[in-house]
Amino acid sequence: MAMSRNEILDQVKEVLVDALGLDEDEVTEGATLMGDLGAESIDFLDIVFRLEKTFGIKVPREELFPAESLMNNPDFVSGGKLTPKGLAEFKARMPHSDFSKFEANPDINKLTDLFTVAAVVNFVERKLNQAA
Amino acid sequence: MRWIWIDKFVEFESGMRAVALKNVTLAEEHLHDHFPGFPVMPECLMIEGMAQTAGILVGEARGFSEKVILAKIKNAVFHHYVRPGDTILIHAEMESIAPEAASTTGKITRGDTVIAEISLMFSHIDKNLAGKEFPEENFVFTDMFNSLLRGFVGQKKESKP
């Protein structure tokens, strides 16, 4: 039986609580992994491994967190902001993230705000649906 | 000199699991201060022993081509003291391995007693710190480390048809 979004959210919360040493009430859907929850680069790999184990899915890191490979492309980034082409590319690569706030001012320093708890839940939901 | 916190491997299954043995002795000078009159193996050194056991397991899985660095202590729980004269076994199991990193779980036992449970994450640093330069040679897996595996990894390769 397919998991409901709430069931996925609960398990994602558990993954983040374990991986980042948090209290459960800190993990809200709107929380950003780096800014609010204090995740560092190695934590992202830890989270990826835990998601794979918890949900039995394959999580290529560049799918969930594609920023690294796109940031160095001058077509996509100019003057510290994403170009329209860059923004389109990021949106295409990260359908699990909500760009509505970021779009107004696509400052690359704000890119990390796209990695929210909700984005991880969306990502897992899509993966599970693909597998189903 | 590397401070090696395991004496030898007693089991080694490539990419799967490894068990290392350490004999704890009062000849280890730090035990005289940790603590005066009450010598016990520091818990941080048990973590280091696990990091070496699991780190070699991770390194061997990729033919020692990666520079494997302890990146994160996911979990470390200690249930009992380890004293001079104790023989401990450090059991490490591979949980996940990817091009950039690996995670392991494990425990330390003395006889039937579980002393500690330790889960770690390792980074393959060349894959994760792009743009930073590291020496070509693998400074993680030195001869001293490799000598620990003699009789396990070599033997296994030789026995292949």
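Reader: What pattern does chain B follow, read along the sequence?

Author: This is a predicted model. In it, chain B runs β-β-α-α-β-β-β-β-α-α-α. That makes five helices and six strands.

Reader: How much of chain B is buried?

Author: Buried residues make up 43% of its 161 residues. The cut-off for "buried" is under 20% relative accessible area. Chain B still exposes about 8400 Å². Carbon and sulfur atoms supply 53% of that area.

Reader: What share of the contacts in chain B comes from residues 24 or more positions apart?

Author: The share is 68%, counted among contacts with a separation of 6 or more.

Reader: Why is Ser96(B) called buried?

Author: Its relative accessible area is 15%. Buried means under 20%, so Ser96(B) qualifies. Ser96(B) sits in strand β4 of chain B.

Reader: Which residues does Ser96(B) contact, leaving aside neighbours within four places in sequence?

Author: Phe49(A), Ala102(B) and Ser103(B). A contact here needs heavy atoms within 4.5 Å.

Reader: What makes Glu95(B) and Lys53(A) a salt bridge?

Author: Their side chains meet at 2.6 Å, N to O. The limit is 4 Å, so the pair counts as a salt bridge. The pair crosses between chains. Glu95(B) is in strand β4 (residues 87-97) of chain B, and Lys53(A) is in helix α2 of chain A.

Reader: Are these two partners buried, partly exposed or exposed, and why?

Author: Glu95(B) has 28% relative accessibility. That lies between the 20% and 50% cut-offs, so Glu95(B) is partly exposed. Lys53(A) reaches 58%. That is over 50%, so Lys53(A) is exposed.

Reader: Which residues join Glu95(B) and Lys53(A) in one network?

Author: Asp43(A), Asp46(A), Arg50(A), Lys72(B) and Lys74(B). Salt bridges that share partners link them with Glu95(B) and Lys53(A).

Reader: How do you know that Arg50(A) and Asp46(A) form a salt bridge?

Author: Their closest N and O atoms are 2.8 Å apart. The rule asks for a distance within 4 Å, so the pair passes. Arg50(A) is buried, and Asp46(A) is buried too.

Reader: Why are Arg50(A) and Asp46(A) separated by about one helical turn?

Author: Because they are four residues apart in helix α2 of chain A.

Reader: What makes Lys58(A) and Glu52(A) a salt bridge?

Author: The N to O distance is 3.9 Å. That is within 4 Å, so the pair counts. Lys58(A) is exposed, at 64% relative accessible area. Glu52(A) is buried, at 17%.

Reader: How many salt bridges does this rule give over all chains?

Author: The count comes to 17.

Reader: Why can such side chains pair at all?

Author: Side chains of opposite charge can pair when their charged atoms come close.

Reader: Which residues gather in a patch of negative charge on the surface?

Author: Glu7(A), Asp10(A), Glu14(A), Asp18(A), Asp23(A), Glu24(A), Asp25(A) and Glu26(A).

Reader: Why is Glu26(A) called partly exposed, and where does it lie?

Author: Its relative accessibility is 36%. Partly exposed covers the range between 20% and 50%, so the label fits Glu26(A). A patch residue needs over 30%, so 36% meets that condition too. Glu26(A) lies in the loop between α1 (5-20) and α2 (41-55) of chain A.

Reader: How do you know that Ile8(A) is buried?

Author: Its relative accessible area is 1%. The cut-off is under 20%, so Ile8(A) is buried. Ile8(A) belongs to helix α1 of chain A.

Reader: What does Ile8(A) touch, not counting residues up to four places away in sequence?

Author: Met3(A), Phe55(A), Val121(A), Val124(A), Glu125(A) and Leu128(A).

Reader: What is notable in the backbone at Phe35(B) and Phe64(B)?

Author: The peptide bond from His34(B) to Phe35(B) is cis, with omega near 0°. Phe35(B) is in the loop between α1 (30-33) and α2 (43-61) of chain B. Phe64(B) has phi near 60°, a positive value in a residue other than glycine. Phe64(B) lies in the loop between α2 and β3 (68-78) of chain B.

Reader: Why does Phe64(B) count as partly exposed?

Author: Because its relative accessibility is 23%. Buried would require under 20%, and exposed over 50%, so Phe64(B) falls in between.

Methods
Residues numbered from 1 in each chain as written. Chains lettered and ligands numbered in written order. Predicted model: local features only at pLDDT ≥ 70, side-chain atom pairs only at ≥ 80, totals over all residues. Heavy atoms only, no water. Patch = residues over 30% accessible without salt bridge, like charges linked within 9 Å, V, L, I, M, F, W, Y side chains within 5 Å. Areas by Shrake-Rupley, 256 points an atom, 1.4 Å probe, with all protein chains shown as cover. Lys, Arg positive; Asp, Glu negative; His and termini not counted. Charge placed at Lys NZ, Arg CZ, Asp CG, Glu CD. Helix = DSSP H or I, 4+ residues; strand = E, 2+ residues; numbered from the N terminus. Buried < 20%, exposed > 50% of the residue type's maximum accessible area, 1.4 Å probe, protein only.
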